[in-house]
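Thanks, everyone, for making the time this morning. I would like to walk you through one chain, beginning with its overall make-up and then turning to a few places where its parts meet.

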Amino acid sequence: MDTNTKQVNQKIRSRRTHRKSRNGCENCKKRRVKCDEKKPICNNCLLHSIECDFQASSRSPSEGATPPQQFKFRQSKYQAVASPQSQSQAQDESGSQSKSIAIQCDTPSLPTGAPNSNSGEGISLLDLRLFHHFTTSTYRTLADETATALWQTHVPQWGLTFHSILHLLLTLSALHLSWLYPHSRESYIRQADQHFAFGVRSVTSVLALDMLDSNNCQHIYIAAVMICFAYFARGPRDGEYLVFNAKGKSEWLVLLHGVRAILAQKQSEIFTGVLAPTESTEKDQIPGLPPPMDLSDEFSRHFHQLEKVKAMISTLSNEQDKALYTVSINDLVGSFEGTYQDTKAGKDPTGLMVYIMGWTFRQSPSMIDKLEAKDPIALVILAHWAILLRFMQRVWFMRGWDRHIFRGIRACLSEAFHAWIEWPEEVVGFV
């Protein structure tokens, strides 16, 4: 081989291209995953709700972030600069005003390969206040004593690695504080809405991309439950009546379908470990609740009214509708029985969710369609269900929903059916 040929071959070998890109963001590099290099934020960072390097590089020099440094305070990524009203929140709870509002503290990065590990995630002092309030107060309001460990310990721990749960935890804490301190409600609602937007993002991404698996199914399920809690805690809104909407699609039904989709895929894996169902053997009254009541007479009156509705349903000529409504009203009778038994035993009202909200979950798609279409008989049944919401008025995030839903039902029913909702109208105190 002559000298010229050797030089050509060496030149060809030296020009062999390197196909692996080194232009990915730092988060993807640290997690050792392929970055799609999409700007201003790559899909991996979008999925995990974290700040992407590309966002920082696209800012002008005046907007540049402070170089990462442990315990270095900087502006929060999640919240706007606090208004004078929001700065009064510290005084509400501690008696002295704090100047460290809406700032963010860089935290050490998680080990490489850990779930959601990144060096850009941080939390503000205002967020720390919300986190503290959740772990010392809000968690007690979400479930009865049998679930204390779940909401006080496990959920906050899961939030440290699954950030949707962290944001939803802060959402519920802010909403709880808005209820405790109504004069600062607007500021707390603003915080809750900001965290809620981040909390929902990862859950919807996982479901949309069909990424639900054995590793994340419990986290996704708990996040979905927290979204439902936040929906109630945000308070009743005009035109939105839980299982039907005055103008369009019910937001609650969208949430309900999401929870159903999660359970349909991974129910056996979700209800294991700390989420495994437990039967409480404690029959004594829960501290802080009034003594057990004799509710037999009151239940008899409700049962008598439900029997009237069942008799009316039995006269329908459409056999398919008759069967559909009968199943729904019989389930409602069972929900009344469970609610009264547990109330009489002095159990925490949050434990009634399985009977009351469980009724909406158990309705068939055909019945849900009837409710969405504002079918009069379906609404009559729903009006009697609204009576049960009265038993949850001691739960802060359920207050006002009974009258609100009944108001929507009455507005959608023609006068010919008003006689059929006189009993629930009297019970919920609408008149």
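Let me begin with the contacts along the chain: among those with a separation of 6 or more, 69% are between residues 24 or more positions apart. Please keep in mind throughout that what you see is a predicted model. The chain has 431 residues, of which 46% are buried, and its secondary structure consists of 19 helices and three strands. As for the outside, the accessible surface of the chain is about 22200 Å², and carbon and sulfur atoms account for 53% of that area.

I would now like to turn to helix packing. In general, a pair of packed helices is described by the angle between the two axes and by the distance between those axes.

The pair I will take up now is helix α8, residues 148–161, with helix α9, residues 163–180, whose axes come within 5 Å and cross at roughly 125 degrees. How do α8 and α9 lie relative to each other? Angles from 65 to 115 degrees would count as roughly perpendicular, and those over 145 as roughly antiparallel, so α8 and α9 are oblique to each other. Their crossing is left-handed. On the α8 side, the contact is made by Val155, Pro156, Trp158, Gly159, Leu160 and Thr161, and on the α9 side by His163, Ile165, Leu166 and Leu169. Sorted by character, the residues of this contact comprise seven nonpolar and three polar, with no charged ones.

Helix α8 also meets helix α11, residues 217–233, and here the axes come within 11 Å and cross at roughly 115 degrees. The crossing of α8 and α11 is left-handed. From α8, the residues in contact are Leu150, Trp151, Val155 and Trp158, while α11 contributes Gln218, His219, Ile222, Val225, Met226 and Phe229. In this contact of α8 with α11, eight residues are nonpolar, two are polar and none is charged.

Finally, I would like to look at a single residue, histidine 384, which lies in helix α17, residues 376–385. Is histidine 384 buried or exposed? Buried means under 20% relative accessible area, and histidine 384, at 2% relative accessibility, therefore counts as buried. Leaving aside residues up to four places away in sequence, histidine 384 touches Gln305, Leu306, Val309, Leu332, Phe336, Trp420, Trp423 and Pro424.

Technical notes:
Residues are numbered from 1 along each chain as its sequence is written. This is a predicted model: local features need pLDDT of at least 70, side-chain atom pairs count only at pLDDT 80 or more; totals for chains, interfaces and linings use all residues. Side-chain values use heavy atoms; hydrogens and water are left out. Helices (H or I, at least four residues) and strands (E, at least two) are DSSP runs, numbered from the N terminus. Buried means under 20% relative accessible area, exposed over 50%, partly exposed in between (1.4 Å probe, protein chains only). Contact means heavy atoms within 4.5 Å. Accessible areas come from the Shrake-Rupley method with a 1.4 Å probe; for residues, only the protein chains shown count as cover. Axes are lines fitted to C-alpha atoms, for helices over the stretch in contact, and angles run from 0 to 180 degrees between N-to-C directions. Angles under 35 degrees count as roughly parallel, over 145 as roughly antiparallel, 65 to 115 as roughly perpendicular and the rest as oblique. A crossing is left-handed if the near helix is turned anticlockwise from the far one by less than a right angle, and right-handed if clockwise. Ala, Val, Leu, Ile, Met, Phe, Trp, Tyr, Cys and Pro count as nonpolar, Asp, Glu, Lys and Arg as charged, and the others, Gly among them, as polar.
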